[in-house]
Amino acid sequence: MSDATFLEFVVFFSAAVMILGGAVGVITMKNPVHAALGLVLTLFGVAVQFVAMQAHFLAAVQVIVYAGAIVVLFLFVIMLLGVDESMDLSIEPIPIQRPLAAVMAVGLVGLVGAAIVRARDALIIAPGDGIATAADAGTHDANIKQLATNLYGDHVFAFQLTSVLLIVAVAGTVLLTRKWPKDVADTESSDA
Amino acid sequence: MIAVIEPTWYLLLAAMLFGIGAFGLMVRRNPLIMFMCVELMLNAANLTFVAMATRLNDINGQTAVFFVLVVAAAEVVVGLGILVSILRRRPGATADDLAELKG
């Protein structure tokens with residue numbers, strides 16, 4: 001056992017505790033603001049795991065886009081709507097909903113986990129073209145360069161389509177949340 | 001004795017994260033929390049993509065995470081837009097109350 005292996009071990013398990021603890025926080029917190037903070041903890045844990053797997057650029061994007069933009073959007077909506085008060089979680093509207101959901105979730109994790117453990121040796125081959133890491137290539141931006149070549153080369157059409165998706169999403173949201181003037185609402189029967 | 005960290009461990013962690021997200025999505029009634037649970041499940045998928053990229057030594061897995069990120073952003077924007085327009089009309093509505101939408 002080398003020191004590097006021990007460090008990897010510590011990093012993996014601390015990040016795993018962050019991820020699972022944050023996730024449990026999201027589903028158990030009574031207050032939506034606390035749940036959003038649990039989500040931040042999970043997202044940071046996932047970013048740490050990305051760094052551990054040499055995906056440095058994705059870790060940065062994870063923090064900026066998820067923890068920066070998406071969680072801020074959640075918090076903004078919570079504050080905008082004023083729903084930041086605690087809810088009573090003891091109410092269970094459908095009688096056996098929670099036991100059934102627990103059975104389904106445990107079954108799902110059990111099945112997927114069994115499949116992962118069984119396929120452990122089958123996936124040991126490495127057919128890809130290789131992932132450039134900073135240590136191998138000698139430059140610090142090897143990961144970014146390789147990702148950029150792949151994204152803007154092989155996947156450039158899909159990349160263009162994502163810009164269409166974002167435009168449609170933004171236009172649709174503006175349309176949905178806009179308060180229409182009374183006369184327009186009457187003539188176009190729009191109640192958004 | 002400490003084993004070397006393998007991609008299999010990341011996959012198991014992602015499976016657990018997905019399970020927690022799925023459980024929350026089925027149990028919680030606040031639409032905002034349900035969206036957060038969907039984010040948890042998307043993150044589990046991202047973790048799987050990067051773990052498999054490492055295991056298969058293929059950069060395409062990391063590129064796929066970009067597209068998941070874009071879809072997650074678009075989904076949150078549209079979903080929260082719908083939520084704002086619903087809650088503006090009916091304050092305090094839960095996911096169960098929205099069953100009234102059916103004809």
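Author: Welcome! Helices here are DSSP runs of H or I with at least four residues, numbered from the N terminus. The model is predicted, so local features need pLDDT of at least 70 and side-chain atom pairs pLDDT 80 or more, while totals for chains, interfaces and linings use all residues. Residues are numbered from 1 along each chain, chains are lettered from A, and side-chain values use heavy atoms, without hydrogens and water.

Reader: Which helix gives the most to the lining of the largest pocket?

Author: Helix 1 of chain B does, with three residues. Helix 1 (3–28) of chain A and helix 2 (31–56) of chain B also supply at least two residues each.

Reader: What makes this space a pocket?

Author: On a 1 Å grid over the protein atoms alone, a pocket is an open set of points where a 1.4 Å probe fits, with protein on both sides within 12 Å along at least five of seven lines; lining residues have an atom within 4 Å of a point. The largest pocket holds about 430 Å³, the space filled by probe spheres set on the points. Among its 22 lining residues, A:M87 and B:R28 are two of the closest to its centre.

Reader: How do you know how much area chain B and chain A bury between them?

Author: Buried area is the accessible area (1.4 Å probe) lost on being put together, summed over both parts. For chain B and chain A that is about 7200 Å², 79% of it on carbon and sulfur atoms.

Reader: How many salt bridges does the rule find across this interface?

Author: Zero. A salt bridge needs a side-chain nitrogen of Lys or Arg within 4 Å of a carboxyl oxygen of Asp or Glu, so no pair across the interface of chain B and chain A counts as one.

Key
Buried area is the accessible area (1.4 Å probe) that two parts lose on being put together, summed over both.
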